[in-house]
Each structure stands twice: as structure tokens, then as C-alpha cells.
Amino acid sequence: MPLDIIILIIGGALSAVMIGILWHIHHQNHPKALWLLFFTEMWERFSFYGMRALIVAYMTKVMLVADGPANLQYGGYMALVYTMPLIGGWVADRYLGSRKTIVLGGLLMAAGHLALAVPSDITFFMGLGLLVSGNGFFKPNISSFLGKFYTTTDPRKDTAFSIFYLGINIGAFLGGGICGYLGNSINWHLGFGLAGIFMILGLVVFLAFRRHLGDLGHAPDPVPGKKRPPDWFWYVLAVSIVPVSMGLVKFYWITNWLLPLMGAAALAYVIHQAWKLSAEMTAAPVTGTIEAHHLSAKETRQKVWAALILMICSVAFWGFFEQSGGSLNLMALRNVDMTIGSQSLDPIMVNNAINPLFIILLTPLFAGIWSLLVRRRMEMSAPVKFGVSFLFMAAGYWMFILGGQSAGASGLIPLFWFIAAYFFMTSSELCISPIGLSIVSKLSPSGMTALLMGMWFLATAFGQHLAGWIGSLMAVPKKVLTVADFTPCALDVCHDIGVGSLGIFIPGAGGFAADHVVAPRFPAFGWTPPESLPYYMDVCLYIALISLGGGVLMLAVAPLIQKWMHGVK
């Protein structure tokens, strides 16, 4: 049995055991809704990360899109995925409620995965458009829905979200691993199709056990005297988003202009609102002294500045981290030695399963470290954690560089260095991802909470777009191939080893016999591994240096930012 399958079987079994242990320990202390939302989200994340594992590799190997445009289109897609929840969350809160919005988003996502399973360029971009719209309605509402089953002061709430977060990463581990292996090693569309099947499974679970949701999640009562659109209006809106998203992904240059303009406008609006709010606080106070109101306004502005600095840091973080779905996927395919003994692991499976696996393994360790620091009164502030995160990121990319230096004449990075890089990158994620949204909510003035929370999600979207641009800098260009770059082979053999490398075969080319076809010797558009490796290593070095400088700078200014936070932890 191939080693890939053995690893996936063991991973699936361990995941099942882990879920069973969680259920045994916690099922009597938490509402059944937790477990319903846990499994719904787990299978949705299976489908999402299963698709994410395949998209860039499929575009370059089958659709013959060059590395640069593939990364830019991927970055635009991911940016839209993280922008659309602003619309979906707003629709759920004001009109449809969480239940209907989750089902609507899930149906759109299932349709998107199934569209990707159809071998056509049109259905590929249609699938991405459906996923953008579906994710916008599904993702923000299932997470916020869980919070409704616990009061603000309920001590079980943190445990519930920890269990939920584990379900996300189990789904990401299984989806990235299984769909990555099926797509790259067996059939691309089988991988896409399996992601769709598990999305449908998540919806079936949600609908079959929705009785455990009680009376929560229904549409809010209409405001007296105010007419609101019928439900079908929002369904039409969700579908109408699909062709717009298709166009923004396909014609990525539009997104390249649109997102920076949106970012600049949003930043200017936040600064304007902060000054407006502080001006209102200092004008003609009814109670208290004028000096007290000036101090309160100054504190409000400084909290907003602190939040904006952390958001800008998160843009850079996601830009570096999200290479895992794009350029690092291609580097794993082309320049990482995946052999263990006499067998070779599927590179897409490894690249996309290793990060969620490390999250599952390292989360308890980091939680223990944070608790220990608190007990010893050495708790790290959020700015310090952000600085440490960038140092971990620098260490991760430095592992890639050391791996490249160890590649030698083969041009293949040893698997050890590849795994070590993801260890540090995951450690970086655990310093930012769990605390970012929480700290921004705590820093937000009462009149700007929703605005700054929306800005945090937009910052994540900008980071995804930045990731696509950085990935395009790692692009391995197409090589002008000569006859020497091809090898003759029988038709059935070429089909097994070559379909998708260039996508076309030329019968009788280069003087080969007419009953043979020709296949490229190397998948990276004709480049050998030693030739393609420098394209990755050069940019990895820049990321490592920028991350190191950013981490040092963040640690240096952390006391000032912490002062601006005025006691918020």
C-alpha cells in the first residue's frame, strides 16, 4: 500500500479518536448545538481546504496558466473570499438570520465544488465565483452562531470555541491531505468532486439535526413601520455575486487596482470617524471637566491607532503565510524531495496537510505557555506577540533557505527542512490568528466596533491579495522548449506520467515515430529542479529579512503601542 494512503488512514483514525475523546469529556457540559456546528464546520473546512490545495497546481499543470497569473488569480480569489463575509454577516444579522444564511452559503459552495469537478475552464471560474459568494454567506455566520449559545460571562465559552477551532483544523488536515492526494496523484476532478461531497455532507448534518438549535438563528423580527425585502431578494443577490466574482478572479488586473483603492478609502474613513468621535467627546461636555473629556478623546484615538497598526501587521503576516496555498504548493511539486525510503509522498498532500496538523499538535503547547507566563506575571502583550510572530515567520523562511542550500546538484530541498519551515510558520500563526479579532474588538470604541471589526476582515483580504502578488514574484517562467526537452513514450505511458504537465502532446514531433507522443522531461515548464530552485530561494530570502526586520521593529515599538492600548490585553 502506498505510504500516502497509510498516512491518510492513520490521520483519519487519529482524528476520529480525538473527536471521540472530546465528546466523552465535554458532551455533558455543553449544548448539543456545539457538536452540530462542530461537524458542520469541520466538513465545510474539509471541502474548502481540499479545494485550496488544488487550485494553483491545477491552473499551472492542466490549464497551462503561467505561475505569475495563477498566483495573482489565486490571491484575488482568496481576497474576495475574505471580503464577502462582510455582506453575508450583515444580511444574516438584519434580514435572513443565521440558519437560512448558512444553508444558502452551503448550497452555493457545494455547487461551486461540483462545478470545479467538471473539466472546463468556464466551469472552473464559475466554481470559484460560487465559492466566493457561498463562503461570504456561510463562514461569518456559523462562527458567530456558536457564540449565541453561551452568555458573555459563561466560563464554558472559551472551551467551546477551542473545540470548534479544533474541528476547523481537523477538517483542514483531512481535506488538504485527502483531496490533495486524490487530485494530484489520481485525478484532479475527483479531488474537486470529493470536496463537494463533503460540503453536501456538512449541509445534511446541519439540516438533519437543526432541532438542537432551539429557537436561535431565525430571522430577526422586522422593524415596525419599516418594510424589508423578501427572502428571495437576498437569494438573487447571492447568485448575482457569482458572475461578478468570476470576472474579478479571471481578470485579476481589475482586482489589483480595486482592492488598494478600497483599502485606502476604508483607512481614510476609519481615521475620519476616529477624529469625528473624539471631537464629539470634547465638545460641550454635560458632565465632568473639559480636561477629562480631552483625555478620554485622546485615549479613544490612541486605541484606534493601536488597532490600525495591528491590522497593518496582519496584512503583512497573511501575505507571507498564505504562500502555502500558492507558490509553496508549486515549490513542493518541483523542488522538494518527498521520498521516504523507497516510496515518495504526494507533495500537494504534504504541503496542505502539515500546517493544520501542526496547529492541532502545537495549540495545547502554546496555550500552556501563555498560561504559564500569566501565572508568573510575564504575560506578553498583543504587540509583543505580533513581533514574536514575525520572528517565527523569519525562522520559517530561513528553513526554506537552508533547505535550498542543502539541495545540492539535485535541486531538491530535503523533506526535513520543508517540515521544519512549516513548524515555525505555524508557530507564527498561533501568535497572531487566535488573538487578532479579540484584541481589535477590545480596542474598538463603542461607536466604531462594527467598523473596526470589518476593517480586520478587510485587512485579512488585503493580506491574501498581497500573498498572490508575492507569489507572482516567485513565478518560474515558461521555458522555450526544444526537442531536447522532450522524450518519446508510448501513448498509455505518456498519459500516466505526462498529462497536465504541458497539457498537449505532439504525435511524431522531433522525428519521433508517429505512434508515439512526446512528454516534457520536467514539469516546471521545462526547467530542471536546479534551474527552478533559485526563483523560490531569492524571494524566500527577502521574506525572511523583511519578517526579521518587522519583528524587531514591532518589539521595539511594542511599549508605545501598549501604552496606546490603555490597559487592554
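**View 1. The charged end of Arg-45 sits over the ring of Phe-48.** In this predicted model, that charged end is 4.4 Å from the centre of the Phe-48 ring.

**View 2. Phe-358 and Phe-423 make an edge-to-face pair.** Here's one for anyone who likes aromatic contacts: the structure holds 25 aromatic pairs. Take Phe-358 and Phe-423: their ring centres are 5.7 Å apart and their planes are at 80°, so the pair counts as edge-to-face, the cut-off being over 60 degrees. Phe-358 belongs to helix H12 (residues 347-375) and Phe-423 to helix H14 (residues 415-443), so the contact ties together parts that are 65 residues apart in sequence. As for cover, Phe-358 is buried, with a relative accessible area of 15%, whereas Phe-423 is partly exposed at 32%.

**View 3. Phe-400 and Tyr-422 also pair edge-to-face.** With ring centres 6.4 Å apart and planes at 90°, Phe-400 and Tyr-422 are an edge-to-face pair. The two link distant parts of the chain: Phe-400 is in helix H13 (residues 382-405) and Tyr-422 is in helix H14, 22 residues apart. Phe-400 is buried, at 0% relative accessibility, and Tyr-422 is buried too, with a relative accessible area of 1%.

**View 4. Ring pairs build an aromatic cluster.** Look for Tyr-58, Phe-124, Phe-125, Trp-188 and Phe-192, which ring pairs link into a cluster.

**View 5. Helix H8 has the span expected from its residue count.** H8 covers residues 231-250, and at 1.5 Å a residue its 20 residues should span 28 Å. The end C-alpha atoms of H8 are 30 Å apart, which agrees. Now for the buried residues of H8: they are Trp-234, Ala-238, Ile-241, Val-242, Ser-245, Leu-248 and Val-249. When you read that list, keep helix geometry in mind: an α-helix has 3.6 residues a turn, so residues three or four places apart point the same way.

**View 6. Phe-251 helps make a nonpolar surface patch.** Phe-251 is found in the loop between H8 and helix H9 (252-282). At 43% relative accessibility, Phe-251 counts as partly exposed, because that value lies between the 20% and 50% cut-offs. Together with Trp-253, Ile-254, Trp-257, Leu-258 and Met-262, Phe-251 makes a patch of about 630 Å².

Notes. Residues are numbered from 1 along each chain as its sequence is written. This is a predicted model: local features need pLDDT of at least 70, side-chain atom pairs count only at pLDDT 80 or more; totals for chains, interfaces and linings use all residues. Side-chain values use heavy atoms; hydrogens and water are left out. Rings of Phe, Tyr and Trp (its six-membered ring) pair if their centres lie within 6.5 Å; planes under 30 degrees apart count as stacked, over 60 as edge-to-face and the rest as tilted. Helices (H or I, at least four residues) and strands (E, at least two) are DSSP runs, numbered from the N terminus. Buried means under 20% relative accessible area, exposed over 50%, partly exposed in between (1.4 Å probe, protein chains only). A charge sits over a ring if NZ of Lys or CZ of Arg is within 6 Å of the ring centre and within 35 degrees of the ring normal. The expected span of a helix is 1.5 Å times one less than its number of residues. Patches are made of residues with over 30% relative accessible area and no salt bridge: like charges are joined within 9 Å, nonpolar side chains (Val, Leu, Ile, Met, Phe, Trp, Tyr) within 5 Å. Accessible areas come from the Shrake-Rupley method with a 1.4 Å probe; for residues, only the protein chains shown count as cover. A salt bridge is a side-chain nitrogen of Lys or Arg within 4 Å of a carboxyl oxygen of Asp or Glu.
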